[in-house]
Amino acid sequence: MAILRPDQWMPKGVASLEPAALRAISENDHNLCVVASAGAGKTEFLAQKADYLLSTGLCRAPQRILAISFKSDAAKNLKDRVRARCDPALSSRFDSLTFDAFSKGLIDRFGPLVPPPYTPSPNYEIVFPAFRDWDDFLARHGYRHLSGKTLEKAVARCRLPIADLNLKKPEWKDVLERFWREYYRDETATQLTFPMINRLTNYVLSSDPRLIAGLRATYPFVFLDEFQDTTYGQYDLLKQLFLDSEARVTAVGDNKQRIMVWAGAMPDAFTTFASDFHAKQETLLSNWRSHPELVEIQHVIALTLEQSSAKPDAKRIKDVDGDVCAIWDYADRASECEGVAQWIADAVSAGEMAPEDCAILIRFRPDKLETELGPALASVGLRLRNVARMPKGAKIAIQDILTEDLTVCLMAMIRVSAFPKAPDDWHVLVDRISTMWGIDPNDEDEQDALQDDLGAKVAEVRSYLAGNSPSGASCAELTQSILDFIGETELRATVPSYHRDKDYLRARDGFLLLLQESAEDRDDWAEVVNSFDGIDQVPLMSIHKSKGLEFHTVIFFGLDERSWWNFEPNDSEEMRAFFVAFTRAMQRVFFTSCSGRGTKLTYIDDLIGRVGVERIPGPPS
Ligand SMILES: Nc1ncnc2c1ncn2[C@@H]1O[C@H](COP(=O)(O)OP(=O)(O)OP(=O)(O)O)[C@@H](O)[C@H]1O
């Protein structure tokens with residue numbers, strides 16, 4: 001493939017990029033900080049920059065680009081975007097994964113090199129202690145005067161080995177040592193949280209400089225998406241790997257969307273990065289997601305978070321009539337659910353949007369709302385999908401199943417077989433299987449043979465679907481037959497997170513359970529696929545799960561003091577969460593409020609009231 005000169009490169013798949021994005025793409029002499037508000041095209045910018053680096057040979061084979069995101073669907077979106085923009089031979093050198101997956105991958109490979117007594121057992125278990133578990137640990141060990149929240153932060157922030165730490169309060173050394181011992185008490189099944197994995201990664205890297213040298217040689221370019229949510233532990237790892245190295249690091253994000261401080265995110269990640277890495281700054285000024293009326297409202301919220309915020313240049317055309325934003329008032333929770341359900345049903349039947357284009361967001365506990373809103377939607381013929389729910393028997397949430405590599409491959413094969421035309425899925429299949437089978441994308445003979453093999457398998461799956469109606473047993477048989485064709489060994493070898501049995505089985509079983517659930521009461525495979533993909537279902541999620549996503553319409557349940565009990569105006573975590581929720585919408589945002597949920601959040605009424613957003617009676621059922 002011909003290598004382009006930098007001046008020959010052009011953006012792909014979009015009509016234009018703003019000048020700041022173009023500058024940041026071609027700037028590779030310095031580290032970079034790209035700050036941009038919601039919908040500014042940060043993901044698109046990273047995808048274009050990846051294409052620039054790969055197609056101009058600035059990132060030359062076998063070198064790779066490492067892109068780190070904070071959520072698995074953000075990592076998948078970015079990988080998909082790079083695949084759409086870049087030749088497959090180039091995009092296969094783009095590694096897009098979450099911070100957790102990146103450090104876990106290092107521990108899966110280098111865990112045995114972690115010095116004792118911190119060497120984890122190979123089949124370690126990942127655990128997610130709840131609030132009370134931290135307090136419970138402290139109580140059991142006689143540290144009732146210390147707080148569980150502080151312990152959680154200390155585990156994430158303190159380097160290993162604990163014995164070498166020089167802490168202001170020596171008691172903490174004892175607490176932390178006991179904590180690590182307790183999680184390692186079963187020598188054959190160590191328990192690890194992701195922050196602990198992060199610390200083990202730090203430790204193993206510092207104990208063998210060859211590991212860092214290897215990673216630097218592999219990754220001369222590093223992208224960090226949603227950098228505002230970087231934790232201290234992650235930042236330590238980043239510095240350890242790439243500070244003062246030849247690697248060029250591009251950090252992208254938006255301080256106004258910093259909603260993970262409660263989980264240990266740094267309050268000043270950009271400033272610290274800019275100073276430590278001597279990074280140049282660029283600011284993107286467009287908003288490609290939302291139309292001007294919504295951007296106007298977003299801007300008054302943005303100003304409470306950052307007084308210097310410039311109003312983005314809204315690029316989206318408004319394509320709806322009537323209100324684009326309002327606070328809907330209800331007398332009680334039943335009429336709130338019924339009214340919203342009927343409004344969605346009416347908008348869907350008027351052709352304004354599909355059910356999956358209308359997201360229901362809630363501050364916390366989507367499972368609770370699911371029990372109230374689910375039946376209301378069902379009564380108007382619509383289904384609600386709580387993406388945080390785990391299918392029965394699974395150990396993984398729907399939202400995560402959908403982004404698994406295993407799911408991407410299996411569903412591409414099933415879609416290609418179940419639908420007359422699925423060109424995108426065919427490309428995904430060819431691309432993924434080429435990588436797994438080690439087929440050179442530039443070798444025409446090998447590619448022809450692959451296409452023949454795939455064509456034959458698709459014909460076989462098609463005839464299986466025609467001859468077998470959807471059921472638990474046929475879903476299991478179908479899944480196994482496709483896995484046998486792809487080769488589970490090959491699949492697991494190319495996806496680092498599948499090296500351990502536990503992780504692979506969680507993904508495989510989760511996939512099958514969701515497919516079987518989607519097959520319940522259906523006799524058509526196309527419907528099973530649509531149900532699996534969430535087509536014709538109204539998605540429900542918390543604000544945290546909605547980060548990085550976008551929807552035609554957003555309905556936010558519960559603009560009241562009970563849902564936002566900690567709400568403080570100006571630059572608070574709550575206000576930033578409100579900003580994230582608001583900015584997911586392309587066309588419309590509605591908020592619901594009812595006395596059964598709590599009293600009005602008057603500050604928000606006043607704030608968005610300034611730009612004409614009204615509190616009105618909610619649409620009745
Ligand atoms: N240059 C462009 N031309 C046209 N559309 C674009 C361009 N850049 C981005 N978009 C579109 O705008 C929307 C928002 O882009 P993207 O998701 O990259 O924004 P973001 O800055 O990552 O947003 P957020 O921080 O709010 O998650 C997407 O639908 C994307 O396809």
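**Exercise 1. Decide whether Ala38 is buried or exposed, and place it in the chain.**

Solution. Begin with the accessibility: the relative accessible area of Ala38 is 2%. Next, apply the cut-offs, under which buried means under 20% relative accessible area, exposed over 50%, and partly exposed in between, with a 1.4 Å probe and protein chains only. Ala38 is therefore buried. As for its place, Ala38 sits in the loop that runs between strand 1 (32-36) and helix 2, where helices (H or I, at least four residues) and strands (E, at least two) are DSSP runs numbered from the N terminus. Finally, consult the record: an unreviewed UniProt entry lists Ala36, Ser37, Ala38, Gly39, Ala40, Gly41, Lys42 and Thr43 under "binding site", and such annotations may be inferred rather than shown by experiment.

The structure is a predicted model, in which local features need pLDDT of at least 70 and side-chain atom pairs count only at pLDDT 80 or more, while totals for chains, interfaces and linings use all residues. Residues are numbered from 1 along each chain as its sequence is written, and side-chain values use heavy atoms, with hydrogens and water left out.

**Exercise 2. Describe the shell around the ligand, and work out which domains it lies between.**

Solution. First, list the neighbours: 19 residues surround the ligand, and the closest are Ser16, Lys42, Arg289, Glu550 and Arg584, a residue being near a molecule if one of its heavy atoms lies within 4 Å of it. Sorted by character, the shell holds 5 nonpolar, 7 polar and 7 charged residues. Helix 2 (residues 42-55) supplies the largest share of the shell, 3 residues.

Second, look at individual atom pairs. An N or O atom in the side chain of Glu550 is 2.5 Å from an oxygen atom of the ligand, and for the side chain of Arg289 the corresponding distance to a ligand oxygen atom is 2.7 Å. Gly41 takes part through its backbone, with an N or O atom 3.0 Å from an oxygen atom of the ligand. The ligand taken alone exposes 640 Å², of which the protein buries 84%, with accessible areas from the Shrake-Rupley method and a 1.4 Å probe.

Third, turn to the domains, whose bounds come from an automatic or database domain assignment. Because domain 1 (6-102 + 203-284) and domain 3 (292-382 + 539-617) both give residues to the shell, the ligand lies between them.

**Exercise 3. Determine how far helix 11 is enclosed by the rest of the structure.**

Solution. Of the 11 residues of helix 11 (residues 232-242), 9 are buried, so this helix is largely enclosed by the rest of the structure. Among the buried residues are Tyr235, Asp236, Leu237, Leu238 and Phe242. Just after the helix, Asp244 adopts a positive phi of about 55°.

**Exercise 4. Locate Ser290 and find the side chain that it contacts.**

Solution. Ser290 belongs to the loop between strand 9 (286-287) and helix 13 (292-305), and at 0% relative accessibility Ser290 counts as buried. The side chain of Ser290 makes a polar contact with that of Gln298 at 3.0 Å; such a contact is a pair of N or O atoms within 3.5 Å, and within protein one must be able to donate a hydrogen and the other to accept it, while residues adjacent in sequence count only if both atoms are side-chain atoms.

Technical notes:
Nonpolar A, V, L, I, M, F, W, Y, C, P; charged D, E, K, R; others polar.
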